[in-house]
Amino acid sequence: NSEKEAKEKLTINTNNYLISIKQNSFYIPLKFEFSKPKIKPDEIIIFTRQLNMLFSAGMSIQQCLSIIRTLIKNISFKKILHDIYNNINIGQSFSQSLAIHNNIFGNDYIALVKAGEKSGSLGIILNDIYELRMWDKYLRKKIISALRYPVIVLSIAFCALIGMFRF
């Protein structure tokens, strides 16, 4: 922090001599967010299916999360499930624990889970969420495959147009 400390650090265990030292007056620390959790939608679908199956078999949410955590390979998702598990253990509801991670699960997922908790039909709601997410995945796949051919044709037409104007 001080000039004296800097001189000591630079001259300790070296045979070098310090000629001058100048404090940098403008410093911008660079921070990159590499630790953002990267959870694929397929992982949420699989998690929901596993949670539904275990919960419908009569297990508590804590038991379900404990088992599913051991099966998940994604470290970021494991940490999120561990956080949810801990929040449930300190007295929060499942929907409140999910709401902390609404960027991962989404508001619709959390609202449906909350409705399932209030109505006592969480197993049915989890199955509905699973089917809804599978339908969403199917539609996205169909839309992408339907748009692939027109995009290719338009790209080729655009290249041909540019080629015609160049020559």
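The exercises below work through the helices, the aromatic rings and one helix pair of a predicted model.

Residues are numbered from 1 along each chain as its sequence is written, and side-chain values use heavy atoms, with hydrogens and water left out. Because the model is predicted, local features need pLDDT of at least 70 and side-chain atom pairs count only at pLDDT 80 or more, while totals for chains, interfaces and linings use all residues.

**Exercise 1. Determine the secondary structure of the protein chain and the share of its residues that is buried.**

Step 1: Helices (H or I, at least four residues) and strands (E, at least two) are taken as DSSP runs, numbered from the N terminus. On this basis the protein chain has eight helices and zero strands.

Step 2: Buried means under 20% relative accessible area, exposed over 50%, and partly exposed in between, with a 1.4 Å probe and protein chains only. Of the 167 residues in the protein chain, 25% are buried.

Step 3: Contact means heavy atoms within 4.5 Å. Among contacts in the protein chain with a separation of 6 or more, 44% come from residues 24 or more positions apart.

**Exercise 2. Describe the surroundings of Phe47, and classify its ring pair with Phe77.**

Step 1: Phe47 lies in helix α2, and its relative accessibility is 0%, so Phe47 counts as buried.

Step 2: Apart from neighbours within four places in sequence, Phe47 is in contact with Leu65, Ile68, Phe77, Leu81, Phe105 and Tyr109. The C-alpha atoms of Phe47 and Ile72, which are 25 residues apart along the chain, are separated by 8.4 Å.

Step 3: Rings of Phe, Tyr and Trp (its six-membered ring) pair if their centres lie within 6.5 Å; planes under 30 degrees apart count as stacked, over 60 as edge-to-face and the rest as tilted. This rule gives a count of five aromatic pairs. One of them joins Phe47 and Phe77, with 5.6 Å from centre to centre and 80° between the planes, and this pair is edge-to-face. The pair links distant parts of the chain, with Phe47 in helix α2 (residues 41-56) and Phe77 in helix α4 (residues 75-89), 30 residues apart.

Step 4: The ring centres of Phe105 and Tyr109 are 5.3 Å apart and their planes stand at 40°, so this pair is tilted. Phe105 is buried, with a relative accessible area of 1%, and Tyr109 at 1% relative accessibility counts as buried too. Phe47, Phe77, Phe105 and Tyr109 form one aromatic cluster.

**Exercise 3. Work out how α2 and helix α8 are arranged, and name residues that make the contact.**

Step 1: Two packed helices are described by the angle between their axes and the distance between the axes. The axes of α2 and helix α8 (residues 122-166) come within 9 Å and cross at roughly 155°; axes are lines fitted to C-alpha atoms, for helices over the stretch in contact, and angles run from 0 to 180 degrees between N-to-C directions.

Step 2: Angles under 35 degrees count as roughly parallel, over 145 as roughly antiparallel, 65 to 115 as roughly perpendicular and the rest as oblique, and α2 and α8 are therefore roughly antiparallel to each other.

Step 3: The residues making the contact include Thr48, Arg49 and Asn52 of α2, together with Leu126, Ile129 and Tyr130 of α8. Thr48, which is buried at 1% relative accessibility, touches Tyr109, Leu126, Ile129 and Tyr130 when residues up to four places away in sequence are not counted.
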